[in-house]
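Visitor: Please show me the structure. Then tell me what the words used for it rest on.

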Amino acid sequence: TPGIYTFPVGVTISSNIYFNGTGGDDDIFIIQIAGILTQASGTRVFLLNGALAKNIVWQSSGLMDVGTYAHMEGILMSYTGITFKTHASLNGRIFAQTACVLQMATITAPPTTTSPTTTSP
């Protein structure tokens, strides 16, 4: 469900997660994390029912680490650094105050126009 989600501690994504839109291109998801964001190797972020990568914002006060073969969706903003490990991928953008490390990763900017698409697992 679109909205603002706040976590007072670090977050670990240990299994696939799904952003479920309401069908409108104005569904906004904001995830604020007071700590480290870790995405486990091989996990994926899926967009359903019109949810768009350009409308998902991940904000972290700590490091962000995307594991090998993991796939992320959205705009990542880190107060420190962001690392994408080998064969990790992102449909989105990266903004890091200190450093961004890409280890054979693929970053694709989300489209600026909307089209009715649904990605399913």
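Guide: One definition to begin. Ala, Val, Leu, Ile, Met, Phe, Trp, Tyr, Cys and Pro count as nonpolar, Asp, Glu, Lys and Arg as charged, and the others, Gly among them, as polar. This is a predicted model: local features need pLDDT of at least 70, side-chain atom pairs count only at pLDDT 80 or more, and totals for chains, interfaces and linings use all residues. Residues are numbered from 1 along each chain as its sequence is written, and side-chain values use heavy atoms, with hydrogens and water left out.

Visitor: How do the residues lining the second largest pocket divide into nonpolar, polar and charged?

Guide: Ten are nonpolar, none polar and none charged. The lining residues are Tyr5, Phe7, Val11, Ile13, Ile17, Tyr18, Phe19, Ile31, Ile33 and Trp58. Set these names against the nonpolar list, and each one fits.

Visitor: What makes it a pocket, and what is its volume?

Guide: On a 1 Å grid over the protein atoms alone, a pocket is an open set of points with protein on both sides within 12 Å along at least five of seven lines; a 1.4 Å probe that fits but cannot get out marks a cavity instead. Lining residues have an atom within 4 Å of a point. The volume is about 170 Å³, taken as the space filled by probe spheres set on the points, which are joined across faces, edges and corners.

Visitor: Which element gives the largest share of that lining?

Guide: Strand S3, with three residues. A strand is a DSSP run of E, at least two residues, numbered from the N terminus.

Visitor: Why are S1 and S4 called paired?

Guide: Pairing needs at least two bridges found by DSSP. S1 and S4 have five and run parallel, so they pair. Phe7 has Ile33 in S4 as its bridge partner. Their sheet is open, with six strands in the order S1-S4-S7-S9-S11-S13.

Visitor: Why are S1 and S13 edge strands?

Guide: Each has a single partner strand, so one side of each lacks a neighbour in the sheet.

Visitor: How do you know that S2 and S5 pair?

Guide: Three bridges join them in the parallel sense, so the two-bridge requirement is met. Ile13 stands opposite Gln39 in S5.

Visitor: What makes a nonpolar core?

Guide: Buried Ala, Val, Leu, Ile, Met, Phe, Trp, Tyr and Cys residues, joined through side-chain atoms within 4.5 Å. Buried means under 20% relative accessible area, with a 1.4 Å probe and protein chains only. The largest such core has 22 residues, and Phe19, Leu37, Trp58, Met72 and Leu76 have the most contacts inside it. S4 gives the most to this core, three residues.

Technical notes. Helices (H or I, at least four residues) and strands (E, at least two) are DSSP runs, numbered from the N terminus. Buried means under 20% relative accessible area, exposed over 50%, partly exposed in between (1.4 Å probe, protein chains only).
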